[in-house]
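I opened this notebook to keep track of what I looked up and in which order. The entries follow my own path through the coordinates.

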Amino acid sequence: MTQHDSGVTFGYLDEQTKRMIRRAVLKAVAIPGYQVPFAGREMPLPYGWGTGGIQVTASIIGPDDVLKVIDQGADDTTNAVSIRRFFRRVTGVRTTEHTTEATLIQTRHRIPETPLGPDQILIYQVPIPEPLRFMEARETETRRMHALADYGVMHVKLYEDISQYGRIAKAYDYPVMVNGRYVMAPSPIPKFDNPKMHDAPFLQLFGAGREKRIYAVPPHTSVVSLDFEDHPFEVQSWDRVCDLCGADDSYLDEVVTDDAGGRLFVCSDSDYCAGRRAAGHEGPAAASAAGAALSETMTAVSREADGEGTP
Amino acid sequence: MYVAVKGGEAAIDAAHAQLADLRRGDRSVAALSLDQIRDQMALAVARVMAEGSLYDPDLAALALKQAWGDVAEAIFLVRAYRTTLPRLAATRPLDTARMVVRRRISATFKDLPGGQVLGPTFDYTHRLLDFALAAEDEPLAEPPPPAEAPLDPDMPRVTDILGADGLIEPESDPDADNPDAPVPDLTREPLTFPAGRAMRLQVLARGDEGFLLSLGYSSQRGHGGTHPFAGEIRMGEVEVEIIPEDLGFPVTIGTVTATECQMINQFQGSKTKPPQFTRGYGLVFGFNERKAMAMSLVDRALRAPDLGEPVVAPAQDEEFVLSHADVVEASGFVQHLKLPHYVDFQAELDSVRRMRRAAETGEGADS
């Protein structure tokens, strides 16, 4: 554990602001899937880079929390590194890359493969909180549509996909119905992750900083991906396993390994992949040169005890 | 060729070090001091204060130095700093009629009480590069002689002169039904729609100058025209007052430099209102006429629904204008596209491949 920068308040936000955000979080939990407007502040990281998630995390984090930050499922992506550093600096809390050790997990674009438990909170960074936005640009209209549960445009959009492409083309940020009442944007997670949200034992909080909205899915809440009886929702599947760890149940990223068409498919969840490899699992390309190089860049980032670095 | 996949801590540290090095530049050249920036780049400082919504010339100068002269980045730094400050009090409305005027012009009256005061302005300069300024030891210009007569302390606003005859709509209380209601505060409350004029003016006051300039310009070119006249533009120092709770009377806590613009616009009249002039208002920290004028054009354009005018152009569309006016929001979200999107791109790639396969085989894409 590092000492938090005494020049700023614990969590950067002043106490009034934290209280305001906690009130918004409580309201969000009370009305699952409803987007609560909150007076988002300018954070020292840019809008669109996780300021909503950061403000939610900053408002609920305590000195005993253990924080994990992922982007694209990985702890070592630059923005995850940057956000983790920010919290180390302004809270001094312990950070981890191990999903099971974390009490708070801030994420962009993924839900970890390792199932979360009731003592964990997952905080999503959300770019566009409004699931109806690309059908209706006006906030005044979309709020009215939510109020009336008037989701016709969404069903029409999904139907048009089927008539045009033979399938629902939405592959990420796939809309869900929460608690049978509000259609909600799950943030740009692949639809592969949608089933993990349903009846989950953990609290899920969503922060959209630029759009100034907070919403939530409390534990054990129904989260149903929208579909049609004759076109049921289905998730991405691969006819291959992770090239490094051999997992056949994780979301795979495609990595271009050379300029001759070489590809590897590896777990996007770096902790999951590393854990499996540490337990002795091996994927088909684990021993290849590209596989070894990739494996090295993915594991050479043991950041638990590193210094603060340049702010 | 092996493609590196993921960046890490070391890369970030190295990037920061490179940035710091480039920002400082050639070490044989003297570093800029904050005094130099504050005094000699005062208009950049003013813009950072206005859009950063924090009046502090020294901090704005620091932000400009740290941001390597990138104004949007400096504004961002000031905004982020602002987040750490508690709200101590709300000031009384600035009384710009009591402004210590350095410049005051009207385009609607040749002369008026208080007179036209040209003051410091780029207007009427010829935009020729002045190579004398390039000399290392720039000759010290003589300070201008003091005015022959002191300015008239009574400098009524042009709109008040017109208002006395009822030719211009009265400036209505933003919340006329509830005059004692506190003014909404954009920095403490979320922006919701309809926003109302008080909130609108706050968004415009710290909105991106380039965006407002283009919108104002578009309204002049027929996209929601408002037939404006620059009724008055004034720039100078205004006192800022608060009423401390334990005192109960106003106390001046300082002065700010501000630029105010009152646009006067034609109005044909409606079922309920006689033909009269209407107002567009602009107020900006520091000396920034371009911004104040653009703001007042956009303010007036946004009043279209209140005045019963059809909303047909972007400049009249409250949601469109207010949602996209903030440079910190816009810059952040546009640039977030640099962040990795491997996961969602992978999902799209998968989706496109399936659809292409289906198109090739002529089968349904569900397989």
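Over how many bridges do strand β2 and strand β3 of chain B pair, and in which sense? I note at the outset that this is a predicted model, and that I read every value below as computed from it. I found that β2 (residues 228-242) and β3 (residues 251-265) of chain B pair in the antiparallel sense over 14 bridges. As one register point I looked up B:Glu232, whose bridge partner in β3(B) is B:Gln262.

**Entry: the sheet.** I then followed the pairing outward and obtained an open sheet of four strands in chain B, in the order β1-β2-β3-β4 and with antiparallel pairing. The edges are held by β1 (100-105) and β4 (278-285) of chain B, and because each has a single partner strand, one side of each is left without a neighbour in the sheet. From one strand to the next, I noted a twist that averages 20°.

**Entry: chain B as a whole.** I counted twelve helices and four strands in chain B, and I recorded a box of roughly 80 × 65 × 55 Å, taken along the principal axes, for its C-alpha atoms. Of the 367 residues in chain B, buried residues make up 33%. Among the contacts in chain B with a separation of 6 or more, 63% come from residues 24 or more positions apart.

**Entry: domains.** The domain assignment of chain B gives domain 1 (12-82) and domain 2 (96-120 + 150-178 + 185-325). I noted that the C-alpha centres of domain 1 and domain 2 of chain B lie 29 Å apart. Their contact takes eight residues from domain 1 of chain B and eleven residues from domain 2 of chain B. On the side of domain 1 of chain B that touches domain 2, I sorted the residues into five nonpolar, one polar and two charged.

**Entry: the core.** Which residues touch the most other members of the largest nonpolar core? Of its 139 residues, I found these to be B:Ala60 and B:Val298, while helix α9 (residues 289-302) of chain B gives the most to this core, with eight residues. Leaving aside neighbours within four places in sequence, I listed the contacts of B:Ala60 as B:Val45, B:Val48, B:Met49, B:Gly52, B:Ala74 and B:Val78.

**Entry: B:Leu215.** I turned next to B:Leu215, which has its place in helix α8 (residues 209-220) of chain B. Is B:Leu215 buried or exposed? I classed B:Leu215 as buried because 29 other C-beta atoms lie within 10 Å, where the cut-off for that class is 20 or more. Beyond its neighbours within four places in sequence, B:Leu215 is in contact with B:Val298, B:Pro314, B:Ala315 and B:Val321. I also checked B:Leu201, which is 14 residues from B:Leu215 in sequence and 15 Å away in space, C-alpha to C-alpha.

**Entry: the two chains.** Last, I looked up where the chains meet, and found 64 residues of chain A in contact with 51 residues of chain B. On the side of chain A that touches chain B, at least two residues each are supplied by α3 (78-91), α4 (139-147), β11 (252-256) and α8 (289-299) of chain A. The most comes from α8(A), with five residues. By class, I recorded 27 nonpolar, 19 polar and 18 charged residues on this side of chain A.

Terms used. Residues numbered from 1 in each chain as written. Chains lettered and ligands numbered in written order. Predicted model: local features only at pLDDT ≥ 70, side-chain atom pairs only at ≥ 80, totals over all residues. Buried ≥ 20, exposed ≤ 12 C-beta atoms within 10 Å, placed from the backbone. Contact = placed C-beta atoms within 7 Å. Nonpolar A, V, L, I, M, F, W, Y, C, P; charged D, E, K, R; others polar. Pairing = 2+ DSSP bridges. Axes fitted to C-alpha atoms, helices over the stretch in contact; angles between N-to-C directions. Domains from an automatic or database assignment. Core = buried A, V, L, I, M, F, W, Y, C linked by C-beta atoms within 7 Å.
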